[in-house]
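Subject: A structure for you to explore

Hi there,

Here is the structure I promised to pass on to you. Please open it alongside this email, and then read on for what turned up in it.

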Amino acid sequence: MKLEDVRRNAFAMPLTSPAFPPGPYRFMRREFLVITYRTDMDALRAVVPEPLEVVEPLVKYEFIRMPDSTGFGDYTESGQVIPVQLRTAKGVEKGSFVHAMFLNDHPPIAGGRELWGFPKKLATPVLDYETDVVVGTLDYGKVRVAKATMGFKHKTLAPEPILAAAAQPNFLLKIIPHVDGTPRICELVRYYMTDIQLHGAWSGPASLELHPHALAPVAELPVLKVESALHYIADMTLALGTVEHDYLR
């Protein structure tokens with residue numbers, strides 16, 4: 001293989017059989033169970049990197065079912081997203097920092113980490129129904145890490161607040177090491193979900209349990225009080241990102 005062939009075909013690893021295809025990445029009937037809960041403010045500040053700022057002691061614990069995603073297949077995801085703000089030349093922007101993600105499919109793990117910097121790890125999340133309850137569980141190996149429950153479609157929600165929140169910027173801390181183990185890339189990345197089509201959104205009574213685990217430490221942001229629950233289904237596109245801040249420069 002010639003030098004120019006390597007440069008021309010270098011998109012993802014392995015070179016001759018990439019783990020994921022080029023984007024864009026479209027998700028059809030993506031289903032969310034989101035439990036917003038109150039936690040310890042000091043614990044939040046310890047995990048959210050500057051220049052992002054934490055304004056409220058809130059965490060969104062998510063279970064996401066993705067039955068039809070371009071190039072990534074059929075999989076489920078679970079993790080924590082933290083509401084933040086960022087001061088820019090245009091003013092203060094509200095958004096979300098993705099703190100932890102666990103999923104059961106290799107291509108989006110590889111693509112998420114390498115392209116955007118999603119903090120993805122391999123585990124076994126499930127989003128399902130038990131008669132009149134929406135249930136989300138996360139197991140790391142054989143160990144239960146998280147469990148969420150919500151009453152099924154107790155209250156239908158207006159689409160406008162859901163769409164407005166989904167259109168806000170999201171932030172990631174992308175870290176890729178050099179061959180000597182030092183950081184070669186260390187960036188705050190911004191990305192958006194686009195072309196969102198909402199099929200329905202509901203709220204209801206909810207509960208959330210987080211259990212301590214050495215390698216899936218979601219319980220280090222403890223549940224002090226469940227504030228709200230949201231269940232919705234939407235089509236959307238995961239857009240490629242931009243670098244908001246380079247920590248090595």
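One definition first: a residue counts as buried when its relative accessible area is under 20%, as exposed when that value is over 50%, and as partly exposed in between. Please also keep in mind that this is a predicted model.

Let's use that definition straight away. Phenylalanine 152 has a relative accessible area of 31%, so this residue is partly exposed. Tyrosine 129 also counts as partly exposed, because its relative accessibility is 35%.

**Strands**

A good place to start looking is strand β3, residues 73-88. Twelve of the 16 residues in β3 are buried, so to speak of the strand as mostly covered is fair. On one side of the story is β2 (residues 58-69), which pairs with β3 in the antiparallel sense over eight bridges. If you would like one bridge to find by eye, look for lysine 60, whose partner in β3 is valine 81. Three residues lie between β2 and β3 in their hairpin, and in that turn glycine 71 has a positive phi of about 80°.

Next comes β4 (residues 91-103), another antiparallel partner of β3, this time over twelve bridges. Here you can look for glutamate 77, which stands opposite leucine 103 in β4. β3 and β4 also form a hairpin, with two residues between them.

**Aromatic rings**

How many aromatic pairs does a search of the whole structure find? The search finds nine. One of them is the stacked pair of tyrosine 25 and phenylalanine 72, with 4.7 Å centre to centre and 5° between the planes. This pair links distant parts of the chain: tyrosine 25 is in strand β1 (residues 25-38) and phenylalanine 72 is in the loop between β2 and β3, 47 residues apart. Are these two residues buried or exposed? Both tyrosine 25 and phenylalanine 72 are buried.

Tyrosine 129 and phenylalanine 152 form an edge-to-face pair, 5.4 Å centre to centre with 85° between the planes. This pair, too, links distant parts of the chain, with tyrosine 129 in β6 (residues 124-130) and phenylalanine 152 in the loop between β8 (143-151) and β9 (155-156), 23 residues apart.

There is also an aromatic cluster made up of Tyr25, Phe72, Trp116, Phe118 and Tyr191.

**Charges over rings**

The charged end of lysine 120 sits over the ring of phenylalanine 118, 5.0 Å from its centre. Likewise, lysine 153 has its charged end over the ring of tryptophan 202, 4.3 Å from the ring centre.

Enjoy exploring!

Best wishes

Methods. Residues numbered from 1 in each chain as written. Predicted model: local features only at pLDDT ≥ 70, side-chain atom pairs only at ≥ 80, totals over all residues. Heavy atoms only, no water. Buried < 20%, exposed > 50% of the residue type's maximum accessible area, 1.4 Å probe, protein only. Helix = DSSP H or I, 4+ residues; strand = E, 2+ residues; numbered from the N terminus. Pairing = 2+ DSSP bridges. Phe/Tyr/Trp six-rings, centres within 6.5 Å; stacked < 30°, edge-to-face > 60°. Lys NZ or Arg CZ within 6 Å of the ring centre and 35° of its normal.
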